[in-house]
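Open the model in your viewer and show it as a cartoon. The stops below go from one residue to a sheet and then to the whole chain.

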Amino acid sequence: GKMPIKKAQTDVYLNMEDKTNVGIISTLDLYGAYKYPATANDANCRNDIHLGQKNIVGDRMAAYALKDIYNKENYSNGEKVYSHGPMYQSSTLDGSNVIVTFDCSGKLSVMPSEQYTDEVGAKKIQDGEINPDILNEFELSDADGNWYTAKAEILSDNQIVLSSDEVEQPVKVRYCGKDYPESPNLTDESGLPSYVFEEEIK
């Protein structure tokens, strides 16, 4: 599946001691072709891990270099340069709740669904299967390795609190654990998506 690949990429970056001239961008909000199924030359990310929106990928890589290597704070038009969206830092227990802290730019927020939703996802929102106005795609695991959907709320500028009635003693937390997350909507001032992660709660 795609999730282990994305998780492995994030893990490598997060565990690097020296991140000089190294960066990682998130593409969780990129769906390729809006309509599904699509042709082989215009693939949707539900059927192809290689997303079609290469121009956005290139823009994000260039922004990362400008910010982290060349130390540019603004573009020539005055707009801010952002290298990444919210990136996992740590998670701690608070009773049966879990507090997750992120390295982020400005305040955490909910990404507009128009940024990440393809034709299939838009139909699910319309039918009430997905609520795009709350944080989605967070899960908590019990000691037996069973994963359950977690309620997620923004607690502060860089923290969210997770809870699940089905998990009294959470041991792990993850974000976007499915091959195709329908609503990867955690972002911050940058407008960029967060990253796939799966971590033990410390």
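A residue counts as buried when its relative accessible area is under 20%, as exposed when it is over 50%, and as partly exposed in between. The model on screen is a predicted one.

**Stop one: a helix residue.** Select G58, which sits in helix α2, residues 54-68. Is G58 buried or exposed? Neither: its relative accessible area is 34%, so G58 is partly exposed. Now add E200 to the selection. E200 lies 142 residues from G58 along the chain, and their C-alpha atoms are separated by 33 Å.

**Stop two: a sheet.** Select strands β1, β2, β7 and β6, which in that order make up an open sheet of four strands with antiparallel pairing. At the edges are β1 (87-94) and β6 (151-156), each of which pairs on one side only. From one strand to the next, the twist averages 25°. Next, keep only β2 (residues 97-103) and β7 (residues 159-163); this antiparallel pair is joined over four bridges. Within it, V100 stands opposite I160 of β7.

**Stop three: the whole chain.** Zoom out and colour by secondary structure. The protein has three helices and ten strands, and from the N terminus they run α-α-β-β-β-α-β-β-β-β-β-β-β. The radius of gyration is 17 Å, close to the 17 Å given by the globule rule for 202 residues, so the protein is as compact as a globular protein of that length. The C-alpha trace spans about 50 × 40 × 25 Å along its principal axes.

Finally, switch on the surface. About 10,900 Å² is exposed, with carbon and sulfur atoms supplying 46% of it. Of the 202 residues, 43% count as buried.

Note on methods. Residues are numbered from 1 along each chain as its sequence is written. This is a predicted model: local features need pLDDT of at least 70, side-chain atom pairs count only at pLDDT 80 or more; totals for chains, interfaces and linings use all residues. Side-chain values use heavy atoms; hydrogens and water are left out. Helices (H or I, at least four residues) and strands (E, at least two) are DSSP runs, numbered from the N terminus. Buried means under 20% relative accessible area, exposed over 50%, partly exposed in between (1.4 Å probe, protein chains only). Two strands pair if DSSP finds at least two bridges between them. Axes are lines fitted to C-alpha atoms, for helices over the stretch in contact, and angles run from 0 to 180 degrees between N-to-C directions. The radius of gyration is taken over C-alpha atoms; the globule rule is 2.2 Å times the number of residues to the power 0.38. Accessible areas come from the Shrake-Rupley method with a 1.4 Å probe; for residues, only the protein chains shown count as cover.
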